[in-house]
Structures are given as C-alpha cells and as structure tokens.
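Here is a quick tour of one protein model. Have the sequence and the coordinates open while you read.

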Amino acid sequence: MSQPSAEQPSAEGVLLQSLQNGVLTLTMNRPDSLNSANDALLGALLEAVQSAGTRPEVRVVVLTGAGRGFCAGADLSLMGTVDSAPNPTRFSEHLEQTFNPVVRAIRGLSKPFISAVNGVAAGAGASLALIGDVRLWSEAGSAVQVFSNIGLIPDSGATWTLPRLVGYHRAFELMAFAEKVGAHDALRLGLCEQVYPAESFAAQVQTYAERLAARPAAALALTKQALQAAMSSTLQDALLTEAHLQDAAGLSWEHREGVEAFRQRRPADFLNEKV
C-alpha cells in the first residue's frame with residue numbers, strides 16, 4: 001500500500017488531494033461558500049476522478065468537503081437567469097459543461113467511490129452526496145433538494161438516484177417541498193450506509209475506505225459493472241451479464257488467491273499479486 005502523503009492542492013486550491021494507504025481523498029475546498037461548486041472546482045474534480053481511474057496506487061476514492069459543508073450545489077453568485085443576458089448560457093449547456101461530466105466520471109469509475117457527507121449537501125451537492133457507491137455521513141450531515149425553491153428541477157443525476165433509493169413518491173415529496181433530511185433520517189431512508197459522530201468522522205471514513213481498499217480490486221470493478229448493467233436490464237440479461245463477467249473474474253489472480261487462502265484457512269491478501 002502507499003504511504004501517507006501530504007494534501008496536494010489543485011486548481012488554485014479549490015480541490016485538495018491526499019493519498020493514504022490506497023485511499024485517495026478529494027476535499028472540495030471552498031469552505032466560505034459551503035463548497036459551492038464553480039467551474040474551477042468542477043474542472044479539478046473531473047480531472048481528479050479521471051486520473052484516479054488510471055492510477056494503480058489508488059484503490060478507493062473518497063469525496064468530502066472542507067469546513068462545515070459538503071457541497072452547497074452550484075455557485076449561484078456566478079449564474080444568472082436564462083434571460084439575464086443578451087446571449088445567456090442555457091442551463092442544459094451549463095450542466096453538460098460542468099456537473100454532468102463529473103457525475104458520469106464518478107459512475108463510470110472502475111474503483112469504489114465513497115461520498116463522505118461531512119455537512120450540508122444542497123442542490124447539485126445533494127446529487128453528489130447520493131452518486132457514490134457508498135455514502136457515509138457525519139451526524140452533522142444533511143441533504144436538501146433545494147431546486148424547487150428557485151423554480152428549477154433537480155439535476156446532476158438526482159432524478160435518477162433518489163427514486164431508486166426511496167421510491168418515486170417519497171422522492172417527489174422531498175423534491176417538491178425541498179425537505180431537509182438529517183443524517184439519521186438519511187440512514188432510515190436508505191440515503192446512506194453509515195452515520196458517524198462528527199468529531200471522529202474523518203477517521204471513521206478513512207478506516208472504512210481502507211477496509212474497502214483491501215478487498216479484491218478487479219472483482220469489485222466487475223461487480224460495479226454488473227450492478228450498473230442490472231439496473232436497466234431484465235433478469236435474463238442480468239444472468240447473462242453475470243456469467244460473462246464471472247468468466248473474467250475467474251481468470252484473475254485474486255480468485256486464485258481467494259481460493260488458496262480458503263484452503264489454507266488464512267485471510268486472503270488482495271493487495272499483493274502472487275507471481
């Protein structure tokens with residue numbers, strides 16, 4: 001595993017990166033605005049996620065926020081209404097240039113991605129809080145689909161993720177009333193997998209992520225592929241996909257190591273490939 005590294009800033013410090021024991025932590029770093037996302041932050045985040053997919057030393061990616069916010073969504077101070085300028089940028093163009101590529105990169109990442117919600121997640125920030133493979137929340141975390149308060153619809157993947165988690169009707173209610181959800185309600189609703197005390201949140205997230213990093217990387221990548229395909233397929237299609245991907249998994253050194261460890265009654269070592 002890699003050794004701890006100092007936090008490295010990118011894009012003028014709006015995103016901090018720290019690699020420790022195979023866990024790449026990306027910290028959105030605009031705390032004065034609750035980490036509201038401007039073009040620089042989203043560009044840096046996209047680049048970091050894409051880069052993580054090519055770095056063998058990175059086994060898990062964690063996204064969190066600096067200060068008391070996770071992400072307050074789009075930086076509205078930089079946005080006008082669609083008729084506020086002679087040649088305004090359409091919302092569709094803005095989304096395709098900013099949030100949507102980030103969401104696609106996260107969902108397409110072959111490595112586990114953890115959304116570590118340390119504080120408020122609002123608007124598109126709430127979308128980022130839901131998009132991870134695993135969602136870990138601080139007791140100080142909260143999420144709100146705030147879009148209807150400014151006469152917009154949820155975006156950045158929220159209409160895809162939220163109803164899959166809580167059902168159509170509850171998703172509509174949360175969106176229509178811009179209802180704020182606290183950490184323990186999020187756990188009850190299935191919006192997160194774990195809730196940790198605020199004072200130990202970073203350490204608990206790191207511990208969880210390192211546990212995940214010690215699991216078989218190739219098998220998890222194939223598992224993600226199978227799960228995402230199954231979300232829009234029939235049972236028959238899922239069975240065929242599983243069989244195809246199981247062939248690939250069965251040829252890996254991880255499979256050989258797992259079987260050998262089982263036979264020897266020892267923990268499997270998925271971090272060091274056996275020659």
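Does Val-103 count as buried or exposed? At 11% relative accessibility, Val-103 counts as buried, where buried means under 20% relative accessible area, exposed over 50%, and partly exposed in between (1.4 Å probe, protein chains only). Before going further, note that this is a predicted model: local features need pLDDT of at least 70, side-chain atom pairs count only at pLDDT 80 or more, and totals for chains, interfaces and linings use all residues. Residues are numbered from 1 along each chain as its sequence is written, and side-chain values use heavy atoms, with hydrogens and water left out.

Back to Val-103, which is found in helix α3 (residues 99–108). Helices (H or I, at least four residues) and strands (E, at least two) are DSSP runs, numbered from the N terminus. Leaving aside neighbours within four places in sequence, Val-103 is in contact (heavy atoms within 4.5 Å) with Leu-128, Ile-131 and Ser-156. Leu-189 is another matter: Val-103 and Leu-189 are 86 residues apart in sequence, and their C-alpha atoms are 22 Å apart in space.

**Strands and sheets**

Take β6 (residues 113–117). Five of its five residues are buried, so β6 is largely enclosed by the rest of the structure. In a regular strand the side chains alternate between the two faces of the sheet. Both faces of β6 are covered, with Phe-113, Ser-115 and Val-117 buried on one side and Ile-114 and Ala-116 buried on the other. Two strands pair if DSSP finds at least two bridges between them, and here are some pairings to look up:

| Strands | Bridges | Sense |
|---|---|---|
| β4 (residues 60–65) and β6 | three | parallel |
| β6 and β8 | four | parallel |
| β5 and β7 (residues 120–122) | two | parallel |
| β2 and β3 (residues 23–28) | six | antiparallel |

For anchor points, Leu-63 has Ser-115 in β6 as its bridge partner, while Ala-116 stands opposite Leu-136 in β8.

Then there's β2 (residues 15–20), which is mostly covered, with five of its six residues buried. β2 and β3 make a hairpin with two residues between them, and Asn-21 in the turn has a positive phi of about 50 degrees. Within this hairpin, Leu-16 stands opposite Thr-27 in β3.

An open sheet of four strands runs in the order β5-β7-β9-β10, with mixed pairing. β5 (69–71) and β10 (180–182) stand at the edges with a single partner strand each, so one side of each is left without a neighbour in the sheet. From one strand to the next, the twist averages 20 degrees. Helix α4 (residues 124–131) packs on this sheet and touches β5, β7 and β9, and its direction makes about 110 degrees with that of β7 (axes are lines fitted to C-alpha atoms, for helices over the stretch in contact, and angles run from 0 to 180 degrees between N-to-C directions). For a marker in β7, Ala-121 is the bridge partner of Cys-71.

**The loop after β9**

Which residues should you look at between β9 (142–144) and α5? Gln-145 is found in that loop, and Ser-148 has its place there too. Gln-145 is buried, with a relative accessible area of 6%, whereas Ser-148 counts as partly exposed at 30% relative accessibility. Beyond its neighbours within four places in sequence, Gln-145 is in contact with Ala-126, Leu-130, Pro-154, Ala-158, Leu-162, Leu-174, Met-175 and Ala-178. On the same terms, Ser-148 is in contact with Met-175, Ala-176 and Ala-178.

**Empty space**A search of the whole structure finds one cavity of 30 Å³ or more. On a 1 Å grid over the protein atoms alone, a cavity is a set of points where a 1.4 Å probe fits but cannot get out, a pocket is an open set with protein on both sides within 12 Å along at least five of seven lines, and lining residues have an atom within 4 Å of a point. About 80 Å³ of space lies in the largest cavity, and Gln-145 turns up in its lining, along with residues including Ala-126, Leu-130 and Leu-162.

The largest pocket has a volume of about 430 Å³, a volume being the space filled by probe spheres set on the points, which are joined across faces, edges and corners. Its lining has 18 residues, of which Arg-107, Gly-132, Asp-133, Val-134 and Leu-227 lie nearest the centre. The largest share of that lining, five residues, comes from α9.
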